[in-house]
Amino acid sequence: MVDERILEIKNYIGGDFIDSPRGDFLGVFEPATGRQFASAPLSDASDVDIAVEAARTAQPSWGALGIRERADWLERIADALEERHEEVASLESRDTGKPISLARSVDATRSVSNFRFFAEMLRSQDQEVFEMADASNFVVNKPVGVGALITPWNLPLYLLSWKIAPAIGMGNSVVCKPSELTPMTADLLMRVFDEIGLPEGVVNLVHGDGIGAGSPLVSHPGVDFVSFTGGTSTGGKVAASAAPSFKKLSLELGGKNSSIVFSDCDMQSAVSGVARAGFLNQGQVCLCGSRILVEGSIYEEFRERFVRHVEQMKVGDPSNEGTELGALISQDHLEKVLGYVELAKEEGGNILTGGSRCSPDGFEGGNWMLPTVIEGVGADSRCATEEIFGPLVTLHSFESEEEALGIANNTRYGLAGSVWTGDLERGRSFSEKMETGMVWVNSWLHRDLRAPFGGVKDSGVGREGGRWSLGFFSEAMNVCVKRD
Ligand code: TXE
(Lines give C-alpha, C1' and ligand atoms only; values in the text may rest on other atoms or scores of the structure.)
Protein backbone atom coordinates (compact mmCIF):
# COMPACT_ATOMS: atom_id res chain seq x y z
CA MET A 1 0.00 0.00 0.00
CA VAL A 2 1.30 3.45 -0.87
CA ASP A 3 0.52 6.40 1.36
CA GLU A 4 -1.09 9.44 -0.29
CA ARG A 5 1.97 11.65 0.20
CA ILE A 6 5.38 10.09 -0.40
CA LEU A 7 8.24 12.08 1.08
CA GLU A 8 11.11 11.96 -1.38
CA ILE A 9 14.51 12.34 0.25
CA LYS A 10 17.79 12.71 -1.56
CA ASN A 11 21.50 12.14 -1.14
CA TYR A 12 23.45 15.07 0.34
CA ILE A 13 26.77 15.51 -1.45
CA GLY A 14 29.05 18.56 -1.50
CA GLY A 15 26.30 20.67 0.05
CA ASP A 16 23.67 19.72 -2.56
CA PHE A 17 20.62 17.48 -2.24
CA ILE A 18 20.70 15.27 -5.33
CA ASP A 19 19.05 12.12 -6.61
CA SER A 20 21.04 9.17 -7.80
CA PRO A 21 21.52 9.81 -11.57
CA ARG A 22 20.18 6.38 -12.40
CA GLY A 23 16.99 7.30 -10.60
CA ASP A 24 16.71 4.07 -8.60
CA PHE A 25 14.77 4.44 -5.36
CA LEU A 26 13.93 2.31 -2.35
CA GLY A 27 10.67 2.51 -0.43
CA VAL A 28 10.59 3.62 3.21
CA PHE A 29 7.82 2.07 5.32
CA GLU A 30 6.09 2.79 8.63
CA PRO A 31 6.66 -0.29 10.83
CA ALA A 32 3.42 0.49 12.69
CA THR A 33 1.16 0.34 9.62
CA GLY A 34 3.24 -1.31 6.89
CA ARG A 35 2.47 1.71 4.66
CA GLN A 36 5.12 3.33 2.47
CA PHE A 37 5.53 7.00 3.41
CA ALA A 38 8.83 7.93 1.78
CA SER A 39 11.37 7.02 -0.83
CA ALA A 40 15.15 7.36 -0.85
CA PRO A 41 17.81 6.97 -3.54
CA LEU A 42 19.15 3.48 -4.02
CA SER A 43 22.73 4.62 -4.51
CA ASP A 44 25.59 2.66 -6.01
CA ALA A 45 29.38 2.89 -6.34
CA SER A 46 29.19 5.86 -8.71
CA ASP A 47 27.25 7.90 -6.14
CA VAL A 48 29.74 6.84 -3.47
CA ASP A 49 32.62 8.02 -5.70
CA ILE A 50 31.12 11.51 -5.97
CA ALA A 51 30.49 11.68 -2.21
CA VAL A 52 34.02 10.55 -1.31
CA GLU A 53 35.45 13.08 -3.78
CA ALA A 54 33.42 15.87 -2.13
CA ALA A 55 34.68 14.78 1.30
CA ARG A 56 38.30 14.67 0.14
CA THR A 57 38.00 18.18 -1.33
CA ALA A 58 36.52 19.60 1.89
CA GLN A 59 38.79 17.92 4.42
CA PRO A 60 42.00 20.02 4.21
CA SER A 61 40.39 23.39 4.99
CA TRP A 62 38.05 21.84 7.58
CA GLY A 63 40.97 20.09 9.26
CA ALA A 64 42.94 23.33 9.26
CA LEU A 65 40.32 25.08 11.42
CA GLY A 66 41.18 25.48 15.10
CA ILE A 67 39.67 22.86 17.40
CA ARG A 68 37.63 25.57 19.13
CA GLU A 69 36.17 26.75 15.81
CA ARG A 70 35.01 23.21 15.12
CA ALA A 71 33.60 23.02 18.66
CA ASP A 72 31.55 26.14 17.87
CA TRP A 73 30.15 24.37 14.79
CA LEU A 74 29.12 21.37 16.92
CA GLU A 75 27.40 23.79 19.31
CA ARG A 76 25.50 25.40 16.42
CA ILE A 77 24.37 21.97 15.24
CA ALA A 78 23.20 21.08 18.75
CA ASP A 79 21.21 24.33 18.99
CA ALA A 80 19.57 23.83 15.59
CA LEU A 81 18.74 20.20 16.34
CA GLU A 82 17.33 21.15 19.75
CA GLU A 83 14.96 23.60 18.09
CA ARG A 84 13.62 20.69 16.04
CA HIS A 85 13.41 18.26 18.98
CA GLU A 86 9.72 17.37 18.50
CA GLU A 87 10.09 17.05 14.72
CA VAL A 88 13.04 14.69 15.23
CA ALA A 89 11.12 12.63 17.78
CA SER A 90 7.97 12.22 15.71
CA LEU A 91 9.89 11.45 12.50
CA GLU A 92 12.08 8.90 14.31
CA SER A 93 9.01 7.29 15.89
CA ARG A 94 7.30 7.08 12.49
CA ASP A 95 10.39 5.68 10.76
CA THR A 96 11.31 3.07 13.40
CA GLY A 97 7.93 2.21 14.96
CA LYS A 98 9.21 3.06 18.44
CA PRO A 99 6.97 4.83 20.99
CA ILE A 100 7.03 8.64 20.82
CA SER A 101 7.97 8.79 24.52
CA LEU A 102 11.17 6.86 23.75
CA ALA A 103 11.93 8.85 20.60
CA ARG A 104 11.67 12.05 22.68
CA SER A 105 13.54 10.94 25.81
CA VAL A 106 16.27 8.89 24.10
CA ASP A 107 16.70 9.44 20.38
CA ALA A 108 16.00 13.18 20.00
CA THR A 109 17.45 14.24 23.35
CA ARG A 110 20.61 12.18 23.08
CA SER A 111 21.29 13.32 19.49
CA VAL A 112 21.49 16.91 20.76
CA SER A 113 23.60 15.83 23.73
CA ASN A 114 26.05 14.04 21.44
CA PHE A 115 26.92 17.28 19.61
CA ARG A 116 26.97 19.37 22.79
CA PHE A 117 29.06 16.85 24.71
CA PHE A 118 31.77 16.65 22.08
CA ALA A 119 31.81 20.44 21.68
CA GLU A 120 32.68 20.63 25.38
CA MET A 121 35.24 17.83 25.11
CA LEU A 122 37.01 19.60 22.25
CA ARG A 123 37.16 22.86 24.20
CA SER A 124 38.73 21.10 27.18
CA GLN A 125 41.53 19.50 25.13
CA ASP A 126 44.93 20.73 26.34
CA GLN A 127 48.27 20.43 24.59
CA GLU A 128 49.82 17.17 25.86
CA VAL A 129 53.59 17.40 26.40
CA PHE A 130 55.98 14.80 27.83
CA GLU A 131 59.04 16.56 29.22
CA MET A 132 62.51 15.04 29.25
CA ALA A 133 65.58 16.59 30.85
CA ASP A 134 66.77 17.83 27.47
CA ALA A 135 63.70 17.65 25.27
CA SER A 136 59.95 18.22 25.03
CA ASN A 137 57.65 15.68 23.37
CA PHE A 138 54.61 17.43 21.90
CA VAL A 139 51.56 15.27 21.10
CA VAL A 140 49.72 16.48 18.02
CA ASN A 141 46.28 14.94 17.36
CA LYS A 142 45.80 15.24 13.61
CA PRO A 143 42.68 14.37 11.55
CA VAL A 144 42.71 10.89 10.02
CA GLY A 145 41.18 12.20 6.77
CA VAL A 146 37.96 11.00 5.14
CA GLY A 147 35.70 8.59 7.04
CA ALA A 148 32.81 6.23 6.30
CA LEU A 149 30.10 6.23 9.00
CA ILE A 150 27.71 3.30 8.67
CA THR A 151 24.77 2.99 11.05
CA PRO A 152 21.86 0.62 11.84
CA TRP A 153 18.08 1.00 12.06
CA ASN A 154 17.42 0.72 15.79
CA LEU A 155 18.67 4.10 17.04
CA PRO A 156 19.20 5.93 13.75
CA LEU A 157 19.95 9.56 14.69
CA TYR A 158 21.30 8.71 18.16
CA LEU A 159 24.03 6.50 16.67
CA LEU A 160 24.73 8.64 13.58
CA SER A 161 25.22 11.80 15.67
CA TRP A 162 27.39 9.79 18.10
CA LYS A 163 29.82 9.28 15.21
CA ILE A 164 29.50 12.52 13.23
CA ALA A 165 30.15 14.81 16.22
CA PRO A 166 33.63 13.51 17.20
CA ALA A 167 34.57 12.66 13.60
CA ILE A 168 34.14 16.20 12.25
CA GLY A 169 35.11 17.66 15.61
CA MET A 170 38.58 16.17 15.17
CA GLY A 171 38.86 17.69 11.68
CA ASN A 172 37.79 14.80 9.45
CA SER A 173 35.20 14.91 6.69
CA VAL A 174 32.75 12.02 6.35
CA VAL A 175 30.41 10.08 4.09
CA CYS A 176 27.43 8.66 6.02
CA LYS A 177 25.41 5.61 5.03
CA PRO A 178 22.37 5.19 7.29
CA SER A 179 20.28 2.03 7.30
CA GLU A 180 18.01 1.75 4.28
CA LEU A 181 15.20 0.86 6.71
CA THR A 182 15.37 4.15 8.64
CA PRO A 183 16.86 6.98 6.56
CA MET A 184 14.56 9.83 7.58
CA THR A 185 16.25 11.53 10.52
CA ALA A 186 19.61 11.28 8.77
CA ASP A 187 18.02 13.37 6.02
CA LEU A 188 16.69 15.81 8.63
CA LEU A 189 20.20 16.18 10.07
CA MET A 190 21.59 16.99 6.60
CA ARG A 191 18.92 19.69 6.27
CA VAL A 192 20.10 21.12 9.58
CA PHE A 193 23.69 21.19 8.32
CA ASP A 194 22.53 22.93 5.16
CA GLU A 195 20.51 25.54 7.07
CA ILE A 196 23.33 26.52 9.40
CA GLY A 197 25.82 26.65 6.53
CA LEU A 198 28.19 23.87 7.56
CA PRO A 199 30.97 24.06 4.92
CA GLU A 200 30.03 21.90 1.93
CA GLY A 201 31.57 18.45 1.70
CA VAL A 202 32.40 18.17 5.42
CA VAL A 203 29.42 15.84 5.89
CA ASN A 204 28.01 13.88 2.95
CA LEU A 205 25.34 11.22 2.90
CA VAL A 206 24.43 8.48 0.45
CA HIS A 207 21.25 6.46 0.92
CA GLY A 208 21.11 2.83 -0.12
CA ASP A 209 21.60 -0.75 0.97
CA GLY A 210 24.67 -2.55 2.19
CA ILE A 211 25.66 -4.19 -1.05
CA GLY A 212 24.99 -1.25 -3.36
CA ALA A 213 26.29 1.61 -1.25
CA GLY A 214 27.74 0.34 2.05
CA SER A 215 30.25 -2.07 0.59
CA PRO A 216 31.67 0.30 -2.10
CA LEU A 217 31.99 2.97 0.59
CA VAL A 218 33.95 0.75 2.97
CA SER A 219 36.34 -0.47 0.28
CA HIS A 220 36.75 2.93 -1.42
CA PRO A 221 40.45 3.88 -1.78
CA GLY A 222 39.61 7.46 -0.82
CA VAL A 223 38.26 6.40 2.59
CA ASP A 224 40.79 6.44 5.45
CA PHE A 225 38.66 5.09 8.33
CA VAL A 226 35.41 3.24 8.91
CA SER A 227 33.15 3.51 11.94
CA PHE A 228 30.48 0.80 11.73
CA THR A 229 27.57 -0.06 13.99
CA GLY A 230 25.44 -3.02 13.10
CA GLY A 231 25.17 -6.78 13.16
CA THR A 232 28.11 -9.07 13.85
CA SER A 233 27.92 -10.89 10.52
CA THR A 234 27.85 -7.62 8.61
CA GLY A 235 30.70 -6.37 10.77
CA GLY A 236 32.77 -9.29 9.53
CA LYS A 237 32.13 -8.28 5.91
CA VAL A 238 33.01 -4.67 6.68
CA ALA A 239 36.26 -5.73 8.35
CA ALA A 240 37.17 -7.90 5.36
CA SER A 241 36.56 -4.98 2.96
CA ALA A 242 38.53 -2.49 5.05
CA ALA A 243 41.52 -4.67 5.93
CA PRO A 244 43.43 -4.78 2.60
CA SER A 245 43.93 -1.00 2.62
CA PHE A 246 44.64 -0.87 6.40
CA LYS A 247 41.76 1.49 7.08
CA LYS A 248 41.30 2.48 10.72
CA LEU A 249 38.27 0.49 11.87
CA SER A 250 35.74 0.69 14.71
CA LEU A 251 33.09 -2.04 14.99
CA GLU A 252 30.11 -1.83 17.37
CA LEU A 253 28.29 -5.11 16.80
CA GLY A 254 25.70 -7.43 18.27
CA GLY A 255 25.06 -8.52 21.83
CA LYS A 256 23.37 -11.17 23.94
CA ASN A 257 23.43 -9.59 27.36
CA SER A 258 22.63 -11.03 30.80
CA SER A 259 20.65 -9.36 33.57
CA ILE A 260 21.75 -11.06 36.79
CA VAL A 261 19.42 -10.83 39.78
CA PHE A 262 20.76 -11.78 43.22
CA SER A 263 18.52 -12.64 46.18
CA ASP A 264 19.64 -9.52 48.10
CA CYS A 265 18.35 -7.16 45.39
CA ASP A 266 15.56 -4.61 45.81
CA MET A 267 12.93 -6.79 44.15
CA GLN A 268 10.65 -4.05 42.81
CA SER A 269 13.45 -2.04 41.20
CA ALA A 270 14.96 -5.23 39.82
CA VAL A 271 11.65 -6.28 38.24
CA SER A 272 11.07 -2.92 36.56
CA GLY A 273 14.74 -2.38 35.70
CA VAL A 274 15.17 -5.83 34.16
CA ALA A 275 11.90 -5.46 32.21
CA ARG A 276 13.10 -2.12 30.82
CA ALA A 277 16.46 -3.69 29.91
CA GLY A 278 14.68 -6.55 28.17
CA PHE A 279 12.02 -4.72 26.21
CA LEU A 280 13.13 -1.11 25.58
CA ASN A 281 12.70 -0.28 21.88
CA GLN A 282 10.92 -3.64 21.49
CA GLY A 283 14.17 -5.38 22.53
CA GLN A 284 15.91 -3.85 19.50
CA VAL A 285 18.91 -2.40 21.31
CA CYS A 286 22.26 -4.17 21.23
CA LEU A 287 22.52 -3.54 24.98
CA CYS A 288 19.21 -5.24 25.83
CA GLY A 289 19.25 -7.79 28.62
CA SER A 290 17.59 -10.76 26.91
CA ARG A 291 18.97 -13.46 29.26
CA ILE A 292 17.64 -13.05 32.79
CA LEU A 293 19.53 -15.04 35.44
CA VAL A 294 17.80 -15.17 38.84
CA GLU A 295 19.17 -16.63 42.08
CA GLY A 296 17.23 -19.80 42.86
CA SER A 297 15.95 -18.71 46.28
CA ILE A 298 13.94 -15.84 44.75
CA TYR A 299 13.27 -17.33 41.31
CA GLU A 300 9.58 -18.11 41.84
CA GLU A 301 8.79 -14.72 43.37
CA PHE A 302 10.75 -12.84 40.72
CA ARG A 303 9.17 -14.82 37.89
CA GLU A 304 5.63 -14.17 39.15
CA ARG A 305 6.19 -10.41 39.61
CA PHE A 306 8.17 -10.07 36.37
CA VAL A 307 5.53 -11.79 34.20
CA ARG A 308 2.80 -9.65 35.78
CA HIS A 309 4.83 -6.52 35.05
CA VAL A 310 5.42 -7.52 31.42
CA GLU A 311 1.75 -8.36 30.86
CA GLN A 312 0.82 -4.83 31.90
CA MET A 313 3.17 -3.21 29.34
CA LYS A 314 1.19 -1.18 26.81
CA VAL A 315 1.72 -2.28 23.19
CA GLY A 316 0.19 -0.11 20.48
CA ASP A 317 0.02 3.23 18.72
CA PRO A 318 3.56 4.65 18.79
CA SER A 319 2.18 8.20 18.78
CA ASN A 320 0.29 7.58 22.02
CA GLU A 321 2.11 8.98 25.07
CA GLY A 322 1.29 5.95 27.20
CA THR A 323 2.60 3.35 24.74
CA GLU A 324 5.57 1.36 26.03
CA LEU A 325 6.16 -0.99 23.10
CA GLY A 326 5.76 -0.10 19.44
CA ALA A 327 6.15 -2.16 16.27
CA LEU A 328 9.17 -4.17 15.17
CA ILE A 329 11.21 -2.68 12.35
CA SER A 330 10.05 -4.94 9.50
CA GLN A 331 7.96 -7.95 8.57
CA ASP A 332 11.15 -9.96 7.97
CA HIS A 333 12.48 -9.10 11.40
CA LEU A 334 9.13 -9.98 13.03
CA GLU A 335 9.21 -13.38 11.30
CA LYS A 336 12.78 -13.91 12.54
CA VAL A 337 11.80 -13.18 16.16
CA LEU A 338 8.66 -15.33 15.96
CA GLY A 339 10.89 -18.08 14.58
CA TYR A 340 12.78 -18.04 17.87
CA VAL A 341 9.49 -18.55 19.75
CA GLU A 342 8.98 -21.77 17.76
CA LEU A 343 12.61 -22.74 18.36
CA ALA A 344 12.19 -22.16 22.09
CA LYS A 345 9.35 -24.69 22.16
CA GLU A 346 11.63 -27.22 20.45
CA GLU A 347 14.35 -26.44 23.00
CA GLY A 348 12.05 -27.30 25.90
CA GLY A 349 10.84 -23.78 26.58
CA ASN A 350 7.58 -22.83 28.26
CA ILE A 351 6.01 -19.53 27.19
CA LEU A 352 4.98 -17.66 30.34
CA THR A 353 3.49 -14.69 28.45
CA GLY A 354 3.34 -13.41 24.87
CA GLY A 355 4.81 -15.55 22.12
CA SER A 356 2.59 -14.36 19.29
CA ARG A 357 1.72 -11.50 16.97
CA CYS A 358 -0.77 -8.90 18.08
CA SER A 359 -2.76 -6.40 16.05
CA PRO A 360 -3.60 -3.07 17.69
CA ASP A 361 -6.79 -1.51 16.30
CA GLY A 362 -6.06 0.59 13.23
CA PHE A 363 -2.55 -0.81 12.86
CA GLU A 364 -3.36 -4.17 11.32
CA GLY A 365 -0.74 -3.80 8.59
CA GLY A 366 2.16 -3.31 11.00
CA ASN A 367 4.80 -5.62 12.48
CA TRP A 368 3.41 -6.29 15.95
CA MET A 369 4.35 -8.83 18.61
CA LEU A 370 3.51 -9.27 22.29
CA PRO A 371 6.39 -8.99 24.78
CA THR A 372 7.43 -12.58 25.42
CA VAL A 373 8.91 -14.31 28.48
CA ILE A 374 10.13 -17.89 28.16
CA GLU A 375 11.53 -20.23 30.82
CA GLY A 376 12.82 -23.78 30.55
CA VAL A 377 15.33 -23.45 27.71
CA GLY A 378 18.88 -24.41 28.66
CA ALA A 379 21.38 -21.62 29.32
CA ASP A 380 23.42 -22.95 26.40
CA SER A 381 20.40 -23.31 24.07
CA ARG A 382 20.27 -21.34 20.82
CA CYS A 383 17.50 -19.13 22.20
CA ALA A 384 19.65 -18.27 25.21
CA THR A 385 22.90 -17.65 23.32
CA GLU A 386 21.98 -16.21 19.90
CA GLU A 387 21.06 -12.55 19.38
CA ILE A 388 17.30 -12.37 18.75
CA PHE A 389 17.00 -8.57 18.85
CA GLY A 390 13.29 -8.52 19.64
CA PRO A 391 10.81 -8.46 22.58
CA LEU A 392 11.77 -11.94 23.79
CA VAL A 393 13.64 -12.79 27.00
CA THR A 394 14.53 -16.12 28.59
CA LEU A 395 14.55 -16.80 32.36
CA HIS A 396 17.21 -18.96 34.02
CA SER A 397 17.99 -19.74 37.68
CA PHE A 398 21.38 -20.15 39.32
CA GLU A 399 22.58 -21.31 42.75
CA SER A 400 25.98 -19.63 43.03
CA GLU A 401 27.98 -16.67 41.75
CA GLU A 402 30.26 -19.10 39.90
CA GLU A 403 27.29 -20.64 38.10
CA ALA A 404 25.86 -17.22 37.21
CA LEU A 405 29.22 -16.08 35.87
CA GLY A 406 29.61 -19.23 33.80
CA ILE A 407 26.20 -18.71 32.19
CA ALA A 408 26.76 -14.98 31.62
CA ASN A 409 30.09 -15.59 29.87
CA ASN A 410 29.02 -18.52 27.71
CA THR A 411 28.01 -16.63 24.57
CA ARG A 412 30.03 -15.55 21.51
CA TYR A 413 29.12 -11.95 22.41
CA GLY A 414 30.57 -9.69 25.09
CA LEU A 415 28.86 -6.31 25.00
CA ALA A 416 26.98 -5.43 28.20
CA GLY A 417 25.06 -6.68 31.23
CA SER A 418 23.38 -5.62 34.45
CA VAL A 419 23.71 -6.89 38.03
CA TRP A 420 21.00 -6.36 40.68
CA THR A 421 22.15 -6.71 44.29
CA GLY A 422 22.02 -4.92 47.64
CA ASP A 423 25.77 -5.41 48.07
CA LEU A 424 27.42 -2.79 45.82
CA GLU A 425 30.94 -4.12 46.43
CA ARG A 426 29.83 -7.59 45.35
CA GLY A 427 28.05 -6.08 42.39
CA ARG A 428 31.22 -4.34 41.26
CA SER A 429 33.56 -7.28 41.82
CA PHE A 430 31.17 -9.69 40.10
CA SER A 431 30.77 -7.28 37.14
CA GLU A 432 34.52 -7.05 36.64
CA LYS A 433 34.62 -10.82 36.05
CA MET A 434 32.07 -10.61 33.23
CA GLU A 435 33.49 -10.83 29.68
CA THR A 436 31.80 -7.68 28.41
CA GLY A 437 32.62 -4.05 27.68
CA MET A 438 30.03 -2.53 30.02
CA VAL A 439 28.03 -3.60 33.10
CA TRP A 440 25.44 -1.63 35.08
CA VAL A 441 24.91 -2.36 38.79
CA ASN A 442 21.30 -1.68 39.91
CA SER A 443 20.57 0.25 36.72
CA TRP A 444 20.65 -0.12 32.94
CA LEU A 445 21.51 2.27 30.11
CA HIS A 446 22.51 4.91 32.66
CA ARG A 447 25.02 6.72 30.47
CA ASP A 448 27.99 9.00 31.10
CA LEU A 449 29.21 9.93 27.62
CA ARG A 450 32.80 10.13 28.94
CA ALA A 451 32.83 6.41 29.71
CA PRO A 452 34.07 3.81 27.18
CA PHE A 453 31.29 2.21 25.11
CA GLY A 454 31.79 -1.05 23.23
CA GLY A 455 32.31 -4.77 23.55
CA VAL A 456 34.63 -7.74 23.25
CA LYS A 457 34.52 -11.07 21.42
CA ASP A 458 31.86 -10.93 18.66
CA SER A 459 30.43 -7.66 19.98
CA GLY A 460 33.05 -5.64 18.23
CA VAL A 461 36.43 -3.98 18.11
CA GLY A 462 37.32 -0.68 19.77
CA ARG A 463 35.46 1.75 21.99
CA GLU A 464 33.40 4.90 21.44
CA GLY A 465 32.69 7.65 23.93
CA GLY A 466 34.72 10.46 25.45
CA ARG A 467 38.46 10.27 24.85
CA TRP A 468 38.03 6.91 23.07
CA SER A 469 36.06 8.62 20.30
CA LEU A 470 38.55 11.49 20.04
CA GLY A 471 41.37 8.95 19.86
CA PHE A 472 39.74 6.87 17.13
CA PHE A 473 38.91 9.91 15.00
CA SER A 474 42.49 11.28 15.11
CA GLU A 475 46.08 10.25 14.50
CA ALA A 476 48.38 11.00 17.42
CA MET A 477 51.76 12.41 16.34
CA ASN A 478 54.83 12.99 18.52
CA VAL A 479 57.12 15.97 17.81
CA CYS A 480 60.21 15.73 19.99
CA VAL A 481 62.12 19.02 20.31
CA LYS A 482 65.63 18.67 21.75
CA ARG A 483 67.03 21.65 23.71
CA ASP A 484 70.73 22.61 23.58
O1 TXE B 1 22.45 -4.20 11.09
P2 TXE B 1 23.09 -4.51 9.68
P3 TXE B 1 20.96 -3.74 11.29
C4 TXE B 1 23.40 -4.37 15.91
C5 TXE B 1 22.34 -5.20 16.57
C6 TXE B 1 21.82 -6.03 15.42
C7 TXE B 1 22.01 -5.15 14.22
C8 TXE B 1 20.71 -4.64 13.71
O9 TXE B 1 22.90 -5.97 17.60
O10 TXE B 1 22.62 -7.17 15.28
O11 TXE B 1 22.85 -4.06 14.61
O12 TXE B 1 20.91 -3.52 12.87
C13 TXE B 1 24.92 -1.59 6.28
N14 TXE B 1 29.07 -3.37 3.81
N15 TXE B 1 23.63 -3.18 16.67
O16 TXE B 1 20.06 -4.87 10.91
O17 TXE B 1 22.26 -5.32 8.77
C18 TXE B 1 23.42 -1.51 6.33
O19 TXE B 1 22.91 -0.94 5.14
C20 TXE B 1 28.84 -2.18 4.35
C21 TXE B 1 24.79 -3.15 17.54
O22 TXE B 1 20.78 -2.43 10.60
O23 TXE B 1 24.40 -5.03 10.05
C24 TXE B 1 23.20 -0.62 7.56
O25 TXE B 1 23.36 0.73 7.22
N26 TXE B 1 27.68 -1.83 4.97
C27 TXE B 1 25.11 -1.78 18.01
C28 TXE B 1 24.33 -1.05 8.47
O29 TXE B 1 25.30 -1.69 7.64
C30 TXE B 1 26.72 -2.77 5.04
C31 TXE B 1 23.92 -0.97 18.39
C32 TXE B 1 23.92 -2.03 9.56
O33 TXE B 1 23.22 -3.08 8.95
C34 TXE B 1 26.89 -4.06 4.49
C35 TXE B 1 22.86 -1.08 17.43
C36 TXE B 1 28.12 -4.35 3.85
N37 TXE B 1 28.37 -5.54 3.29
C38 TXE B 1 22.69 -2.19 16.62
N39 TXE B 1 25.73 -4.77 4.71
C40 TXE B 1 26.15 -1.67 19.11
N41 TXE B 1 26.93 -2.71 19.42
O42 TXE B 1 26.29 -0.60 19.68
C43 TXE B 1 24.90 -3.95 5.39
N44 TXE B 1 25.47 -2.75 5.59
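This is a short talk on the ligand site of the structure above, which is a predicted model.

I'll start with where the ligand sits. The space it takes up is the largest pocket. Around the ligand there are 27 residues, and the closest of them are W153, K177, E180, L253 and E387.

What is this shell made of? By residue class, it divides into twelve nonpolar, eleven polar and four charged residues.

Next, where the shell comes from. At the domain level, domain 1, which is 7-253 plus 459-480, and domain 2, 257-448, each give at least three residues to it. At the level of secondary structure, three elements each supply at least two residues: the helices α7, 210-219, and α8, 232-242, and the strand β11, 225-229. Which element has the largest share? That is α7, with three residues.

Now the polar contacts. Two of them go to the backbone. A polar backbone atom of T151 is 2.8 Å from an oxygen atom of the ligand, and for a polar backbone atom of G231 the distance to a ligand oxygen is also 2.8 Å. With T234 the contact is through the side chain: one of its polar atoms lies 2.9 Å from an oxygen atom of the ligand. As for burial, the ligand taken alone exposes 840 Å², and the protein buries 89% of that.

That is the site; I'll take questions.

Key
Residues are numbered from 1 along each chain as its sequence is written. This is a predicted model: local features need pLDDT of at least 70, side-chain atom pairs count only at pLDDT 80 or more; totals for chains, interfaces and linings use all residues. Side-chain values use heavy atoms; hydrogens and water are left out. A residue is near a molecule or strand if one of its heavy atoms lies within 4 Å of it. A polar contact is a pair of N or O atoms within 3.5 Å; within protein, one must be able to donate a hydrogen and the other to accept it, and residues adjacent in sequence count only if both atoms are side-chain atoms. Accessible areas come from the Shrake-Rupley method with a 1.4 Å probe; for residues, only the protein chains shown count as cover. On a 1 Å grid over the protein atoms alone, a cavity is a set of points where a 1.4 Å probe fits but cannot get out, and a pocket is an open set with protein on both sides within 12 Å along at least five of seven lines; lining residues have an atom within 4 Å of a point. A molecule sits in a cavity or pocket if more than half of its atoms lie within 2 Å of its grid points. Helices (H or I, at least four residues) and strands (E, at least two) are DSSP runs, numbered from the N terminus. Ala, Val, Leu, Ile, Met, Phe, Trp, Tyr, Cys and Pro count as nonpolar, Asp, Glu, Lys and Arg as charged, and the others, Gly among them, as polar. Domain bounds come from an automatic or database domain assignment.
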